[in-house]
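Visitor: I would like a close look at one part of this model, the aromatic rings and what surrounds them, followed outward from there. Please take it slowly and keep to what the coordinates support.

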Amino acid sequence: MTQTVVNKIAVSEKYTSLFQVNRELLDEGSSPLLNRMRDVAIKRFEKVGVPGFKNEDYKYTNLERVFDKEYRPVFQYEKVDVDLNEVFRCDVPQLNTFTVLLINGWFYARNQQLSGLPDGVVAGSLAQLANERPELVQDYLNRQAGLSDDPLVALNTAFAKDGFFLYVPDHVVIEKPIQVINLMRSEDAVFATQRNLIIIGKNSQAKVIFCDHTLSACDFLVNNVTEVFVGRDAVVDVYTIQSQSNNANTVNSSFFKQAENSNLLTGTATLHGGLIRNNLKVSMDGEHAEAKVLGMSFTDKRQHVDNFTNIEHNKAHCLSNQLYKNVLDEDSVGAFTGRIHVARDAQKTNAFQRNNNVLLTDSAKMNTKPQLIIDADDVKCSHGATVGQIDEEALFYLRARGINEPDARLMLMNAFAHEVIQEIRVEPLRDRIDELVDKRLRGELARCHSCDRS
């Protein structure tokens, strides 16, 4: 047996052993809805283990070395010695939202009550509401993630105890976005697991913004799973802003299930982080559903960002549009795998995908792999990817008009990113991300209050 295989087994066995040793602790205080999934999930994880380069879906990201580090698992809520509402200040101060904080994967105990939500809307701790309102949770929890063959989704299911929960009944419009701020804070290396569940009823509307931040520069390993159910005629926006330290390692898996005539916009902006893997699956399970899937990342040093998308067209007359852009500097590495699958009965499908990447140095590296699987015959589908450097002709054009080279490069990079940013349907968020991207491209960290991104 080769050394690589031995190491892979050792890494995977570490997490299996961690589960077995802490089995009773995982069940303690947790809802039966969460506990009933654990044993099946850990067996699924054992079959594959932590994915390595030989796993086709993870061929561009070495997670084994990340999972092989020593972390302290967070299986219980840990009190913090400060008021996070005072310590943390959102970097989008103009944004008027319903705001909740999570710390190391757990709903913050001192969150202020969300007042002003429409009647019938339930928002809060998944752990608490799975115990108190199981009728809202039981028909949805793990219905999408449980179908995944990703071992890290199974690992999340085995370990998850808390996260964010949102239920919006039929015919309800939430005017203000709900902002979920995920904070990592510790004085030692931590392994955190978070599970989020969002249920949007028919003909309802909601916007959710996830903001991932670190408050310390310790090593972090975060394994998050989010399931989103979009009802018939519903309109849903889900945005994720990732701005973490170079020592933060995140696996973020999101599952969306759309009913007929639903409209989904989801976007991920990766402004800073060590190693980030974003998995996204959209299942279009009702006719005339529409999905717009956006992503952009800005990397430098030895940062690594890998986006993996899977759009499943299961019904006829649906539309999906993917646009991912990446700017890579210094020795950073990026990856994009975009998969579109059009099922046999999904006639009249329109599905489009584009991935554009700019390398600012010769040592930056980008891997891109667009994929189309079409089993229907009456469809319009396209995909494309580009990897290159700044357009020298455009740069020359700007220089010829008296603009110095650094400013000219900045203008071109801002224009490159703006195509994604302009699609954001929350105006204050769109404007602020524009500002943050500009600062990021200038080499400024644009630190949130008390965030440590060293």
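Guide: What follows starts with the ring pairs and then moves on to the helices, the nonpolar cores and the charged pairs. The model is a predicted one, and the values below are computed from its atoms.

A search of the whole structure finds seven aromatic pairs. In one of them, the ring centres of Tyr15 and Phe191 are 5.5 Å apart and the planes stand at 80°, so this pair is classed as edge-to-face. The two rings come from distant parts of the chain, since Tyr15 belongs to helix α1 (residues 3-21) and Phe191 to strand β7, with their positions 176 residues apart in sequence. Tyr15 has a relative accessible area of 3% and is therefore buried, and Phe191, with a value of 2%, is buried as well.

Phe191 also takes part in an aromatic pair with Phe159, again edge-to-face, with 5.9 Å from centre to centre and 80° between the planes. Here Phe159 is in helix α9 while Phe191 is in strand β7, so the pair ties together parts that are 32 residues apart in sequence. Both Phe159 and Phe191 are buried. Taken as a group, Tyr15, Phe19, Phe67, Phe75, Phe159 and Phe191 are linked by ring pairs into a cluster.

The helix that carries Phe159 deserves attention in its own right. Nine of the nine residues of α9 (residues 151-159) are buried, so this helix is largely enclosed by the rest of the structure. The buried residues of α9 include Pro151, Leu152 and Val153, as well as Asn156, Thr157 and Phe159. At the start of α9, Asp150 places a side-chain oxygen within 2.8 Å of the backbone nitrogen of Leu152.

Strand β7 leads from the rings to a charged pair. Glu227 and Arg195 form a salt bridge in which the closest N and O atoms are 3.4 Å apart. Because Glu227 lies in strand β9 (residues 220-230) and Arg195 in strand β7 (residues 190-200), this salt bridge ties together parts that are 32 residues apart in sequence. Glu227 and Arg195 are both buried.

The salt bridge of Glu227 and Arg195 can be set beside others, for the search of the whole structure finds 21 salt bridges. Asp233 and Arg232 form one of them, their closest N and O atoms being 3.3 Å apart; Asp233, at 31% relative accessibility, counts as partly exposed, and Arg232, at 34%, also counts as partly exposed. Glu435 forms another with Arg432, where the closest N and O atoms are 2.5 Å apart. Glu435 and Arg432 both belong to helix α12 (residues 427-441) and are three residues apart, about one turn of the helix. Glu435 counts as partly exposed at 36% relative accessibility, whereas Arg432 counts as buried at 9%. Elsewhere, Arg23, Asp27, Arg38 and Asp39 are joined into one network by salt bridges that share partners.

Turning to the nonpolar interior, the largest core has 40 residues, and those with the most contacts inside it are Leu166, Val168, Ile174, Ile178, Val180, Ile200 and Val282. When neighbours within four places in sequence are left aside, Ile178 is in contact with Phe98, Leu117, Phe164, Leu166, Lys207, Val208 and Ile209. Another core, of 38 residues, lies apart from the largest one and has Cys211, Phe298, Val358 and Ala408 among its members.

Ala408 is also one of the buried residues of helix α11, a list that further includes Leu410, Leu412, Met413 and Phe416. Helix α11 (residues 405-421) has 17 residues and reaches 24 Å from its first C-alpha to its last, close to the 24 Å expected at 1.5 Å a residue.

Val282, named above for its contacts inside the largest core, leads to a polar residue. Leaving aside neighbours within four places in sequence, Asn310 is in contact with Leu280, Lys281, Val282 and Arg339. Asn310 is found in strand β15 (residues 304-313), and with a relative accessible area of 11% it is buried. The side chain of Asn310 makes a polar contact, at 3.4 Å, with the side chain of Glu312.

Note on methods
Residues are numbered from 1 along each chain as its sequence is written. This is a predicted model: local features need pLDDT of at least 70, side-chain atom pairs count only at pLDDT 80 or more; totals for chains, interfaces and linings use all residues. Side-chain values use heavy atoms; hydrogens and water are left out. A salt bridge is a side-chain nitrogen of Lys or Arg within 4 Å of a carboxyl oxygen of Asp or Glu. Helices (H or I, at least four residues) and strands (E, at least two) are DSSP runs, numbered from the N terminus. Buried means under 20% relative accessible area, exposed over 50%, partly exposed in between (1.4 Å probe, protein chains only). A polar contact is a pair of N or O atoms within 3.5 Å; within protein, one must be able to donate a hydrogen and the other to accept it, and residues adjacent in sequence count only if both atoms are side-chain atoms. The expected span of a helix is 1.5 Å times one less than its number of residues. A nonpolar core is a set of buried Ala, Val, Leu, Ile, Met, Phe, Trp, Tyr and Cys residues joined through side-chain atoms within 4.5 Å. Contact means heavy atoms within 4.5 Å. Rings of Phe, Tyr and Trp (its six-membered ring) pair if their centres lie within 6.5 Å; planes under 30 degrees apart count as stacked, over 60 as edge-to-face and the rest as tilted.
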